[in-house]
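Colleague: I am a first-year student and I would love a close look at one part of this protein. Could you take me through its inside, meaning the nonpolar core and what surrounds it?

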Amino acid sequence: LKVVMPSNPYQAKGLLLTAIRDPNPVIFFEPKAIYRASTGEVPEQDYELPLGVAEIVQAGRDVSLLGWGAQMIQLNKAAELAAEQGISCEVIDLCTLLPWDRETVADSVRKTGRLVISHEAPLTGGFAGEIAATIQEQCFLSLEAPIARVAGLDTPFPLVHEKQYLPDHLKIMEAIKTTIGY
């Protein structure tokens, strides 16, 4: 079973074509936010993006930021805020949750020594816990700070209070500052 979650229109087309053509079952999550708020060029010709390969959106040296889907919008905003304060963020878009690109994430963490993971699901039981455990096992001696998770609240999703529930760039920025200051 493979699980995919694009973060922009270009990825949506490329990953969807790959998912359709894959002989194994693929679950394809479509974050509604990328349809309403995301823009970008999408080639008319046929192309595929590989499953299980993360995209390094922005290279950096001080902290690795990891996310997927619509959360990438918030991570990029947080990276811009951090840059204004002299913090260099490596931004990674996971693209595929299963299998996830352990090597790219681990290489980044070995370089920066820090990791902030952000997702929209609740903190308890969220996929960031699995990533954090794996990276801690592989990169323990490289870590300069505990791995930070910025996630939704441990409550049922409150449609009326969506802005308070979901992690935003300000919450991510606080995690970046805490991680850098550890």
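Modeller: Happily; we will begin with the core, move to the helices beside it, and end with the pockets.

Please keep in mind that this is a predicted model. A general idea helps to start: in soluble globular proteins, nonpolar side chains tend to be buried together. Here the largest nonpolar core has 21 residues. Which of them touch the most other members? They are L66, L94, V105, L115, I117, I131 and I135. If you look for the elements behind this core, α4 (102–112), β7 (115–122) and α5 (127–139) each supply at least two residues. The largest share comes from α5, with five residues.

Let us pick out I131, one of the buried residues of α5. Leaving out residues up to four places away in sequence, I131 touches L66, W68, L94, W100 and I117. L66, L94 and I117 have already appeared among the core members with the most contacts.

Now look at α5 as a whole. This helix has 13 residues and spans 18 Å between its first and last C-alpha atoms, close to the 18 Å expected at 1.5 Å a residue. Its buried residues are A128, I131, A132, T134, I135 and C139. An α-helix has 3.6 residues a turn, so residues three or four places apart point the same way. With that in mind, try finding A128, I131 and I135 on the helix; they are among its buried residues. What do the buried residues of α5 pack against? Their partners are β4 (63–67), α4, β7 and β8 (148–152).

One of those partners, α4, holds T112. T112 is buried, with a relative accessible area of 5%, because buried here means under 20%. Its contacts, apart from neighbours within four places in sequence, are G60, R61, D62, V63, S64 and E90.

Just ahead of α4 in your tour are two backbone details. As a general rule, most residues other than glycine have a negative phi, and most peptide bonds are trans. C95 has a positive phi of about 65 degrees although it is not a glycine. You will find C95 in the loop between β5 (89–93) and β6 (96–98), and it is buried, with a relative accessible area of 4%. The second detail is the peptide bond from L98 to P99, which is cis, with omega near -10 degrees. P99 sits in the loop between β6 and α4.

The core we have explored has a companion. A second, separate core of 17 residues includes L75, A148, M173 and I176.

Another helix worth a visit is α1 (9–21). It also has 13 residues, and reaches 19 Å from its first C-alpha to its last, close to the 18 Å expected at 1.5 Å a residue. Buried or exposed: what are Q11, A12, G14, L15, L17, T18 and A19? These residues of α1 are buried. The buried residues of α1 pack against β1 (2–4), β2 (26–28), β3 (55–58) and β5.

For a contrast, follow the chain into the loop between α1 and β2, where P25 has its place. P25 is exposed, with a relative accessible area of 52%. Apart from neighbours within four places in sequence, P25 is in contact with L1 and K2. The C-alpha atoms of P25 and L97 are separated by 14 Å, although these residues are 72 apart along the chain.

Finally, the pockets. The largest pocket holds about 870 Å³ of space. It is lined by 26 residues, and A33, A70, E120, E162 and L166 lie nearest its centre. Two or more lining residues come from each of α2 (32–37), α3 (71–84), β7 and α6 (162–165). So that you can picture the chemistry, the lining divides into 15 nonpolar, three polar and eight charged residues. Notice β7 again, which also gives residues to the largest core.

The second largest pocket has a volume of about 170 Å³. Its lining has 10 residues, with S7, N8, M72, I73 and N76 nearest the centre. β3 and α3 each supply at least two of the lining residues, and α3 gives the most, with three. This lining divides into three nonpolar, five polar and two charged residues.

Definitions and conventions: Residues are numbered from 1 along each chain as its sequence is written. This is a predicted model: local features need pLDDT of at least 70, side-chain atom pairs count only at pLDDT 80 or more; totals for chains, interfaces and linings use all residues. Side-chain values use heavy atoms; hydrogens and water are left out. On a 1 Å grid over the protein atoms alone, a cavity is a set of points where a 1.4 Å probe fits but cannot get out, and a pocket is an open set with protein on both sides within 12 Å along at least five of seven lines; lining residues have an atom within 4 Å of a point. Grid points are joined across faces, edges and corners, and a volume is the space filled by probe spheres set on the points. Helices (H or I, at least four residues) and strands (E, at least two) are DSSP runs, numbered from the N terminus. A nonpolar core is a set of buried Ala, Val, Leu, Ile, Met, Phe, Trp, Tyr and Cys residues joined through side-chain atoms within 4.5 Å. Buried means under 20% relative accessible area, exposed over 50%, partly exposed in between (1.4 Å probe, protein chains only). Contact means heavy atoms within 4.5 Å. The expected span of a helix is 1.5 Å times one less than its number of residues.
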